[in-house]
Amino acid sequence: MKMIVGGAQIGGIQRDEPREAVVARMMALMEQAHAQGVEFLVYPEMTLTTFFPRFYVEDRAEFDHWFETEMPNAATQPLFDMARGFGMGFTFGYCELTPEGEHFNTSILVSPEGEIVSTYRKTHLPGHAEFEPERSHQHLEKRYFLAGDTGFNVVRNQGVVMGMAICNDRRWPEAWRCLGLQGVELVTIGYNTPSQNNLSKNEGIEKRVYHHELSVCAGAYQNSTFAVAVAKCGMEDGNHMFAGSIIVDSDGFVIARATGEGDELIVAECDFDKCAFGKRTVFNFEAHRRIEHYGRITAQTGVKVEV
Ligand code: CDT
């Protein structure tokens, strides 16, 4: 089962950039993708807005305007319509405000018929909830979002078992394994990652890009799945976020890579039949996993040194 998969990297979105302008950029990439035969397209985390968790406001309600209360909505409907016209599935991230008043960092997976077939709410929220002056920049995801309540789920879309994760989730093997245990064949990951560690100026961008790539390649290999990790990147409101969008095969090799820091399409033909070999040999979970020794993973959160 082969499918041409694309990643639509998006360059910086400035604070005052309207949703409609962003959607126009997304549609330009979708047109390019269609011209290259892409059948499924992955956009970044929080594709519609600037990465506002870098800003602190006392009253978080002041930031509700960054959130979508329905999807699709007037701004995004043209994207849905274009994808349906092309017969293309896609996924993108946005900030969701539910009718119950809950705020999530969300991504949706949309079938070629234009139906939202899966919704994922980000589990691992990095950063902090209060203003912390010792940091070179703020990362207030814990202030503006609730931890997701969906867990890690898969859906069969266009014949492929697909699952979503968002940004910081890619660094957690638990997220990958939850998807792996459901037979995932394509993991989609959108991200916004600042190029500087806000507590360590000495951690250069090279190390940060390396850790990103290491996480995605390891997760793909250890679960014998393809992965598409797509950045929102470049300069945003005077802050730099690294690029490095990649498509990774089920052996953990990068098979497509972005070269710039702006809007850019990456494309690879993915042969999902390749996933089966790893799943029935080295990573045959049924044959080799030893769950009797894994209890700590769900019973304990932090490290306990008892020796
Ligand atoms: N958006 C997001 O999750 N970014 C984080 C930054 C980590 S530093 C607080 C990431 O893991 O890439």
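## A buried serine with an unusual phi

Ser224 is buried, with a relative accessible area of 2%. Welcome to this predicted model; Ser224 is a good place to start. This serine sits in the loop between α5 and β9, and its phi is near 50°, which is a positive value in a residue other than glycine. Most residues other than glycine have a negative phi, and most peptide bonds are trans.

## More backbone to look at

Cys167 is another residue with a positive phi that is not glycine, here near 40°. You will find Cys167 in the loop between β7 (160–166) and α4 (173–180). Cys167 is buried, with a relative accessible area of 5%, and it is also among the residues that surround the ligand.

Two further backbone details deserve a look in your viewer. The peptide bond that joins Met71 to Pro72 is cis, with an omega near -5°, and Pro72 belongs to the loop between β2 and α2. Gly37, just after α1, has a positive phi of about 85°.

## Around the ligand

Which residues surround the ligand? They are Glu45, Phe51, Lys122, Pro126, His139, Glu141, Cys167, Asn168, Arg170, Arg171, Asn192 and Thr193. For Lys122, an N or O atom of the side chain is 2.7 Å from an oxygen atom of the ligand. Thr193 also offers its side chain, with a polar atom 2.6 Å from a ligand oxygen. With Asn192 the backbone is involved: one of its polar backbone atoms is 3.1 Å from a nitrogen atom of the ligand. Taken alone, the ligand exposes 360 Å², and the protein buries 88% of that.

Glu141, one of the residues around the ligand, lies in helix α3 (residues 141–144). Is Glu141 buried or exposed? Glu141 is buried, with a relative accessible area of 1%. Its side chain makes a polar contact with the side chain of Asn105, at 3.4 Å. Not counting residues up to four places away in sequence, Glu141 touches Glu45, Phe51, Pro53, Asn105, Lys122, Leu125, Pro126 and His128.

## Helix α1 and its cover

Helix α1 covers residues 19–35, 17 residues in total. From its first C-alpha to its last it reaches 24 Å, close to the 24 Å expected at 1.5 Å a residue. The buried residues in α1 are Arg19, Val22, Val23, Arg25, Met26, Met27, Leu29, Met30 and Ala33.

What covers the buried residues of α1? Strands and a helix take part, including β1 (2–11), β2 (40–42), α2 (77–86), β3 (89–97) and β13 (264–271).

## Asn197 in its loop

Asn197 is found in the loop that runs between β8 (186–191) and α5 (205–223). Asn197 counts as buried because its relative accessible area is 19%, and the limit for buried is under 20%. A polar atom of the Asn197 side chain lies 2.8 Å from the backbone nitrogen of Leu199. The side chain of Asn197 also makes a polar contact, at 3.2 Å, with the side chain of Glu203. With its neighbours within four places in sequence left aside, Asn197 is in contact with Ser136, Glu203 and Arg208.

## Met235 in strand β9

Met235 belongs to strand β9 (residues 226–236). Its relative accessibility is 46%, so Met235 counts as partly exposed. Apart from neighbours within four places in sequence, the contacts of Met235 are Gly12, Gln14 and His240. For a sense of scale, the C-alpha atoms of Met235 and Val38 are 28 Å apart, while 197 residues separate the two along the chain.

## Cysteines without disulfides

How many disulfides does the structure hold? The count is zero. Two cysteines show why no bond forms at their positions. The sulfur of Cys178 has its closest cysteine sulfur in Cys275, and the 18 Å between them is too far for a bond. Cys275, in turn, has its closest cysteine sulfur in Cys270, at 8.7 Å, which is also too far for a bond.

The surroundings of these two cysteines can be read from their accessibility. Cys178 is partly exposed, with a relative accessible area of 36%, whereas Cys275 is buried, at 1%.

Terms used: Residues numbered from 1 in each chain as written. Predicted model: local features only at pLDDT ≥ 70, side-chain atom pairs only at ≥ 80, totals over all residues. Heavy atoms only, no water. Helix = DSSP H or I, 4+ residues; strand = E, 2+ residues; numbered from the N terminus. Expected span 1.5 Å × (residues − 1). Buried < 20%, exposed > 50% of the residue type's maximum accessible area, 1.4 Å probe, protein only. Contact = heavy atoms within 4.5 Å. Near = heavy atom within 4 Å. Polar contact = N/O pair within 3.5 Å; in protein donor to acceptor, adjacent residues only side chain to side chain. Areas by Shrake-Rupley, 256 points an atom, 1.4 Å probe, with all protein chains shown as cover. Disulfide = S-S within 2.5 Å.
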